[in-house]
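Student: Could you take one part of this model and go through it closely, setting it in the context of the rest of the chain?

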Amino acid sequence: METANPTFVTTFGEERVRTGVALVDLMPDLAEQGLIALLDQVYRTGEPRTSSDVQVVVDAGAQAREAFFDFTFEPYRDAEGHVTGVRMIGVETTQVKHAQRLMAEHRALLEQIARQAPLTEVLDGMARCIENLAPQEILVSVLLADPDGLHLRHGAAPSLPDFYNQAIDGIATGEGVGSCGTAAHRRQPVIVTDITTDPLWTDFKNLATRADLAACWSTPILARDGGLLGTFAMYHRTPRIPQDTDLALTRLFAGTAALAIERHHSEQAQRTAEALARSAHDDLARAVRAEQELRAAAERRATAAAELTTQLRAAAAAQATLPHPEQCQLGGGSSCAEPAEIKIADSWGDAAWGCPDHVEEALINVRSVFIASEEFGGLAAYVHR
Ligand SMILES: [Zn+2]
């Protein structure tokens, strides 16, 4: 490398930009992506070349970060037109690329919500997406508020240790209950940049230390009507103050979480209503069926009774001219004062005259009884005893 402009030096770090050293030694990541070969090609052919979205680690040590560049390589010629070098122009596209990835991930989340994926799946996906996109290590946690808004339940926190999630599950909302309990209580974001010194974390400091957590920024997730749905928190391994971009990211994802949770609630309400409607419908169907059966049975009975009445009337008419007792002989112990009209008999050969009511009663209740035949002698003639 012969020379570099100040921006190049500040971007890549002085350690990585030294003149008099071969570029391949300074930036081995360029060689891995075929950039040094491309550079050699430009030098040999004299044709300019470009390469987009080249991944480079810029800065060094604690400040090291992954960055993206569009590179243009132009030949450098002397007075006779011979190629004597290659000019490398890099335009950093990290921000653009980052924003594109963020928007793509966010769109995927919205699609997931729209096709009614389970809430835990959506929140887990969201947490992982933010963790993957953040340039520094962050750990995302989503807690869900109970319907009364007084307690917070575990929602999603794929990178926090299980013992931590279990300890936090069910915490009360209130002043001094860490960042999340307090944010839920205040309905305002709570930014704790150093857990070890912040009074809001007094009761949870040891727990956080065990989980290697140093900072926690929490934002309440609010419904459109202002109701508390939960909290969205970003944890950090070292004490940190949020940048504007962090706050923008938080607002975006707290809003997305609100959408997912509200959607989930309305689906649950709908499912409950449907189950109720279904069971009410089943009850109604059962009642209707029972009523239909009762009516059918009643109709059968009414038909049978009508037939019997017709039979009795015919028998009474046929038997009217025969000699018969004045009064009904039926009715058991208490004698019946009604006039005798119809003669009945049983299969044992016994016969008696009765009023229509008692005859009907006997015909219905005593299996062997029938209206006496034309001979009016019952079955006596046929029975051998
Ligand atoms: Zn009678």
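Tutor: What follows looks at one strand, its partners and its surroundings. The model is a predicted one, and its chain is divided into domain 1 (6–92), domain 2 (97–270) and domain 3 (320–371). The part I would single out is strand 10, which covers residues 342–346. Of its 5 residues 4 are buried, so strand 10 is largely enclosed by the rest of the structure.

Two pairings involve this strand. Strand 10 runs antiparallel to strand 11 (residues 351–354), to which 4 bridges join it, and strand 10 also pairs in the antiparallel sense with strand 12 (residues 369–371), here over 3 bridges. A345 shows both relationships, since its bridge partner in strand 11 is A351, while its bridge partner in strand 12 is F370. Strand 10 and strand 11 form a hairpin with 4 residues between the strands, and in this hairpin G349 takes a positive phi near 100°.

As for the wider setting, the largest nonpolar core has 45 residues, and those touching the most other members are L123, M126, A127, V142, C216, Y235 and A257. Apart from that core lies another, of 14 residues, among them A340, W353, V369 and I371. Returning to A127 in the largest core, and leaving aside its neighbours within four places in sequence, one finds A127 in contact with V140, V142, A156, A157 and P158. In soluble globular proteins, nonpolar side chains tend to be buried together. On the scale of whole domains, the centres of domain 1 and domain 2, taken over C-alpha atoms, are separated by 41 Å.

Technical notes
Residues are numbered from 1 along each chain as its sequence is written. This is a predicted model: local features need pLDDT of at least 70, side-chain atom pairs count only at pLDDT 80 or more; totals for chains, interfaces and linings use all residues. A nonpolar core is a set of buried Ala, Val, Leu, Ile, Met, Phe, Trp, Tyr and Cys residues joined through C-beta atoms within 7 Å. A residue is buried if 20 or more other C-beta atoms lie within 10 Å of its own, exposed if 12 or fewer, and partly exposed in between; C-beta atoms are placed from the backbone. Two residues are in contact if their C-beta atoms, placed from the backbone, lie within 7 Å. Two strands pair if DSSP finds at least two bridges between them. Domain bounds come from an automatic or database domain assignment.
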